[in-house]
Amino acid sequence: MPKKKEGRDIDLTEARKFLVELIPQAGEILKKHFTSQDYTQRKKEGVDFTTQADEEVDLFLRESIGARFSQAQFLTEETAPEDYSSLKDVDGLWVIDPLDGTINFSRKHPNFGISIAYVDKGISKLGIVHIPMTGDTYWAQKDQDGANLNGEPIQVSTTDDLGVSTIACDWAWGLEKRLNVVRWLGNLSTHVRQIKSMGSAVSDLASLANGRIDGYIHSGLKPWDVAAVGLLIPKAGGRITTPDGGDWDVFQPDVLATNGILHESILKLINP
């Protein structure tokens with residue numbers, strides 16, 4: 001049995017190997033419920049809701065990571081307090097989204113993912129993303145170059161012409177935040193080839209790191225939506241900031257992520 005480690009003093013490579021083995025097991029829980037469509041749902045605030053699958057995976061990951069890292073502190077979608085601002089200055093915080101893309105999951109659309117990140121003071125040191133219905137596992141760690149998909153290096157796109165770019169967005173659970181996206185898209189829409197909304201920040205931002213889209217913009221994200229992918233993107237050669245060009249960390253609710261090449265052009269358009 002592997003030696004139990006202190007939660008705030010970990011070897012990133014050892015932790016990454018552990019999580020790359022663990023996260024597909026969580027994916028199997030989601031696949032089982034996705035296939036059977038036999039699970040309960042519970043309404044949350046506003047139009048948000050959660051499912052039995054979210055809660056089962058959340059518990060499985062917290063118990064598994066907590067058993068491996070004895071002093072683990074968690075910020076997860078299903079257990080987060082209403083005010084988690086005190087966690088911004090914490091070292092060694094495990095930030096988990098057990099199921100990002102719950103609407104997709106509940107409507108039998110396969111675009112959803114699981115995200116695990118190890119974060120110090122809002123900066124991700126380790127990020128693991130798993131897409132259950134494809135079996136893909138992405139990872140990046142702060143002390144190593146590059147980002148990986150199923151053990152192979154990945155890179156953002158090389159698209160340098162905004163006119164042929166594909167930009168993705170999504171819509172916050174907080175309805176007032178959606179107006180920010182409407183405004184940004186209003187400035188962008190006549191300058192890009194395509195705008196997509198695919199319903200999972202975790203999966204969609206992983207696709208950006210893998211060069212499948214060229215940019216992504218969102219308002220009203222939570223730390224668990226972006227803690228892992230926020231490391232994948234720069235490690236894959238992209239760039240991530242706030243939509244006004246400011247420094248970004250996992251506690252920033254608004255994000256602009258791109259392949260890096262198009263970043264300044266998009267910033268100019270959305271901040272006229």
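This section describes the overall form, the nonpolar cores and selected residues of a predicted model.

The chain contains 8 helices and 14 strands. Its C-alpha trace extends over about 55 × 40 × 35 Å along the principal axes. For 272 residues a compact globule would be expected to have a radius of gyration near 19 Å, and the value of 18 Å computed for the chain agrees with this expectation. Buried positions account for 54% of the 272 residues. Contacts that link distant parts of the sequence are frequent: of those between residues at least 6 apart, 66% join residues at least 24 apart. The accessible surface amounts to about 12100 Å², and carbon and sulfur atoms contribute 47% of this area. As for charge, 29 side chains are positive and 39 are negative, with the centres of the two sets 1 Å apart.

The largest nonpolar core comprises 41 residues, and L75, V129, Y138, L205 and L232 are the members with the most contacts inside it. Helix α5 supplies the largest share of this core, namely 6 residues. A second core, of 28 residues, lies apart from the largest one and includes A15, I29, I114 and Y118. The surroundings of L75 illustrate the packing in the larger core. Beyond the residues up to four places away in sequence, L75 touches A80, Y84, L87, L93, W94, V95 and I96, and also P223, W224 and F251.

Helix α5 spans residues 201-209 and is mostly covered, with 9 of its 9 residues buried. An α-helix has 3.6 residues a turn, so residues three or four places apart point the same way. In α5, burial applies to A201, V202, S203, D204, L205, A206, S207, L208 and A209. The buried set thus includes the polar residues S203 and S207 as well as D204. L205, buried within this helix, is also one of the residues with the most contacts inside the largest core. After α5 comes G211, which has a positive phi near 80°.

Two residues other than glycine also have a positive phi. Most residues other than glycine have a negative phi, and most peptide bonds are trans. K121, which is not a glycine, has a positive phi of about 50°. This lysine is placed in the loop between β5 (113-120) and β6 (123-131). With a relative accessible area of 47%, K121 is partly exposed. N150, likewise not a glycine, has a positive phi of about 50°. The loop that holds N150 runs between β8 (147-149) and β9 (152-154). N150 is partly exposed, at 45% relative accessibility.

Three buried positions were examined for their contacts and for their separation from residues elsewhere in the chain. I10 is found in the segment before α1 (12-36). Its relative accessible area is 16%, and because burial requires a value under 20%, I10 counts as buried. Leaving aside neighbours within four places in sequence, I10 contacts A15, F69, W94 and Y118. Of these partners, A15 and Y118 are among the members of the 28-residue core. I10 and F69 are 59 residues apart along the chain, and their C-alpha atoms are separated by 8.1 Å.

T76 belongs to strand β3, residues 73-76. With a relative accessible area of 0%, T76 is buried. Its contacts, apart from neighbours within four places in sequence, are D58, R62, I96 and W224. Both I96 and W224 also appear among the residues touched by L75. The C-alpha atoms of T76 and G215 are separated by 26 Å, the two residues being 139 places apart along the chain.

D136 lies in strand β7, which covers residues 136-141. At 14% relative accessibility this aspartate counts as buried. Outside its neighbours within four places in sequence, D136 contacts V129, H130, I131, L149, N150 and R212. One of these partners, V129, ranks with the residues that have the most contacts inside the largest core. Another, N150, is the partly exposed loop residue described above. Between D136 and Y216, which are 80 residues apart along the chain, the C-alpha separation is 20 Å.

Key
Residues are numbered from 1 along each chain as its sequence is written. This is a predicted model: local features need pLDDT of at least 70, side-chain atom pairs count only at pLDDT 80 or more; totals for chains, interfaces and linings use all residues. Side-chain values use heavy atoms; hydrogens and water are left out. Helices (H or I, at least four residues) and strands (E, at least two) are DSSP runs, numbered from the N terminus. The radius of gyration is taken over C-alpha atoms; the globule rule is 2.2 Å times the number of residues to the power 0.38. Buried means under 20% relative accessible area, exposed over 50%, partly exposed in between (1.4 Å probe, protein chains only). Contact means heavy atoms within 4.5 Å. Accessible areas come from the Shrake-Rupley method with a 1.4 Å probe; for residues, only the protein chains shown count as cover. Lys and Arg count as positive and Asp and Glu as negative; His and the chain ends are not counted. The place of a charge is taken as NZ of Lys, CZ of Arg, CG of Asp or CD of Glu. A nonpolar core is a set of buried Ala, Val, Leu, Ile, Met, Phe, Trp, Tyr and Cys residues joined through side-chain atoms within 4.5 Å.
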